[in-house]
Amino acid sequence: GAFVLVKTPEPANPEPTDKPKKAKWVHVSCAKWHGMNYVDITLKDKIEDVTVLKNWFKGAGHKCCLCDSGIGAMHQCRHEGCDKWLHLTCGRSIGTCSVQHGENCFGFYDETKLKNPPWTLACPEHSEVDPESIREDSVSVEQLVSLAKSYPPEPVPPKPFYKMTGAERKEYWADKHNLKEFFGKVMSNLAGAKCIVCEVGHDPNDSNEGNKFCPKCGVFSHAECADPDRGEDGVCYSCRFIDENKVSDKFVEPQCRMCNTSALVGGPLVKTWAEPMSMKKWRDNKAAYNRSLYGPNNFCHTLCGLWHPKCESIDEGKTINCYNIVMADGRRHVSHQFRCFLCGKYDGAKVHCAEEGCIAPGGTKIPYFHVTCARQAGLEVSSDPDFIVTCFSHAGSSFVFRARLEDFMEIEIMRYS
């Protein structure tokens, strides 16, 4: 019979690189028999999505009594007490089934003049079909079974994620659509989520629509902590910057110039500001100026900027003033001579323990660390009442205990992955 196109749900956040999905078609008669509606009744070129109906039949486990296949939508025999199910197309093809349509090309039938209820059928056992009316091109049950076996099997639904092995997860995530769907489910659930900047948990009664996981990078943060101009879609500033500028040949993905990591490590990025004491050195070398820490497209984590004692938030929280930590050469920060006691790197801006006179264990040096390194290691990075970072020796017991738990969790994850 004739086919009609099925409406395919649009993805919530389509990417320009997404390939168009394959079109899905169903028989017009099958769609009508199951009460599916046209998307536009005037055009009649597309019917509503059939995913819910399809999933119901998958879960019900019915099999057609004629072709012995469980694929597709079926109808139960109209005879009271009969538990047989069959495809409409099988019932029509075999010729010995009583099939009562509800309309023809002229319109709907008058139900009072029909022998059987409209849009119903009966299995061969409960059908009264005149042998003379059986068409010559009708097929046998054996032929229907053979045809059903020739169709490709339904794809096996993936295991629940928590039951997958490491190899199965890798294979599952290799499909970009599976990966997007997985993160969509994860990012839509805010239960237990903590802001990556202030570490305050999500409030279910929060009315600010912008306080959510960024649909691009997947990081949860409060708009008031990281990006006051964030819209209801929750896209953070650095992701908006990437979307607006990635078409440029000179585009470089932003990262924090204070710890040299991306938004995935330390949370949302914001613009930084600093200016040299004199433009004499830079006036004839604009390219070098743009690459320097004075340039226009420098970023830092909100976390790094707010917790550095020599930086301040300006422009209503949209920019971090780094004037006091950038050296005159525009390439380094004033703490470049100190190595981070956690990651061992010299680059980036570092802070020292807030406890006065603190000395690193087993030495005479003051412990310095990147703020993101301190947060990852479980050191005290708090803002109540002041923005401070303290080492293991002077951190509260709750912070040290959390760091130990995170170490154990990482060991367990590596052991079972």
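Is Cys123 buried or exposed? I looked this up before anything else. Cys123 counts as buried, at 1% relative accessibility. I note here that the model is predicted.

**Entry: cysteines**

I searched the whole structure for disulfides and found zero. For Cys123, I took the closest cysteine sulfur, which belongs to Cys77 and lies 3.8 Å away. A disulfide needs the two sulfur atoms within 2.5 Å, so the sulfurs of Cys123 and Cys77 are too far apart for a bond. I then turned to Cys256. Its nearest cysteine sulfur is that of Cys259, at 3.7 Å, and Cys256 is in no disulfide. Cys256 is buried, and I read a relative accessible area of 0% for it.

**Entry: the chain as a whole**

I wrote down the overall figures next. The chain has 417 residues, and 33% of them count as buried. I list 13 helices and 19 strands. The accessible surface of the chain is about 26,600 Å², and carbon and sulfur atoms account for 54% of that surface. For contacts, I took residues at least 6 apart in sequence; 52% of these contacts join residues at least 24 apart.

**Entry: strand β12**

I asked how many residues of β12 are buried. Four of the five are, so β12 is largely enclosed by the rest of the structure. I then listed pairings of this strand. With β13, residues 299-301, β12 pairs in the antiparallel sense over three bridges. Within that pairing, I find Leu269 with His301 of β13 as its bridge partner. With β15, residues 319-321, β12 runs parallel, and three bridges join the two strands. Here Thr272 stands opposite Ile320 of β15.

**Entry: after β12**

I followed the chain onward to Met277. This residue sits in the loop between β12 (269-273) and α10 (286-291). Met277 is exposed, with a relative accessible area of 81%. I checked what it groups with on the surface. Met277 forms a nonpolar patch with Trp273 and Tyr323, and the accessible area of the patch is about 380 Å².

**Entry: strand β1**

I looked up the pairings of β1 in the same manner. β1 covers residues 3-6 and runs antiparallel to β2, residues 25-27, with three bridges between them. In that pairing Leu5 stands opposite Trp25 of β2. β1 also pairs with β3, residues 46-47, in the parallel sense over two bridges. The bridge partner of Val6 in β3 is Ile47.

**Entry: salt bridges**

I counted 12 salt bridges. As background, I recall that side chains of opposite charge can pair when their charged atoms come close. I worked through some of the pairs.

Which residue forms a salt bridge with Lys32? I find Glu103, with the closest N and O atoms 3.1 Å apart. Lys32 lies in helix α1 (residues 28-33) and Glu103 in strand β7 (residues 103-104), so this salt bridge ties together parts that are 71 residues apart in sequence. Lys32 counts as partly exposed, at 33% relative accessibility.

The second pair I checked is Glu128 with Lys115, a salt bridge at 3.8 Å from N to O. Glu128 is in the loop between β9 (120-121) and α4 (141-150), while Lys115 is in the loop between β8 (107-108) and β9; the two residues are 13 apart, and the pair links distant parts of the chain. Both Glu128 and Lys115 are exposed.

The third pair is Asp227 with Arg230, where I read 4.0 Å between the closest N and O atoms. I asked whether these two partners are buried or exposed. Asp227 counts as buried because its relative accessibility is 4%, under the 20% limit. Arg230 counts as buried on the same rule, at 8%. I also noted a network: Lys216, Asp243 and Lys246 are joined into one by salt bridges that share partners.

Technical notes
Residues are numbered from 1 along each chain as its sequence is written. This is a predicted model: local features need pLDDT of at least 70, side-chain atom pairs count only at pLDDT 80 or more; totals for chains, interfaces and linings use all residues. Side-chain values use heavy atoms; hydrogens and water are left out. Patches are made of residues with over 30% relative accessible area and no salt bridge: like charges are joined within 9 Å, nonpolar side chains (Val, Leu, Ile, Met, Phe, Trp, Tyr) within 5 Å. Accessible areas come from the Shrake-Rupley method with a 1.4 Å probe; for residues, only the protein chains shown count as cover. A salt bridge is a side-chain nitrogen of Lys or Arg within 4 Å of a carboxyl oxygen of Asp or Glu. Buried means under 20% relative accessible area, exposed over 50%, partly exposed in between (1.4 Å probe, protein chains only). Contact means heavy atoms within 4.5 Å. Two strands pair if DSSP finds at least two bridges between them.
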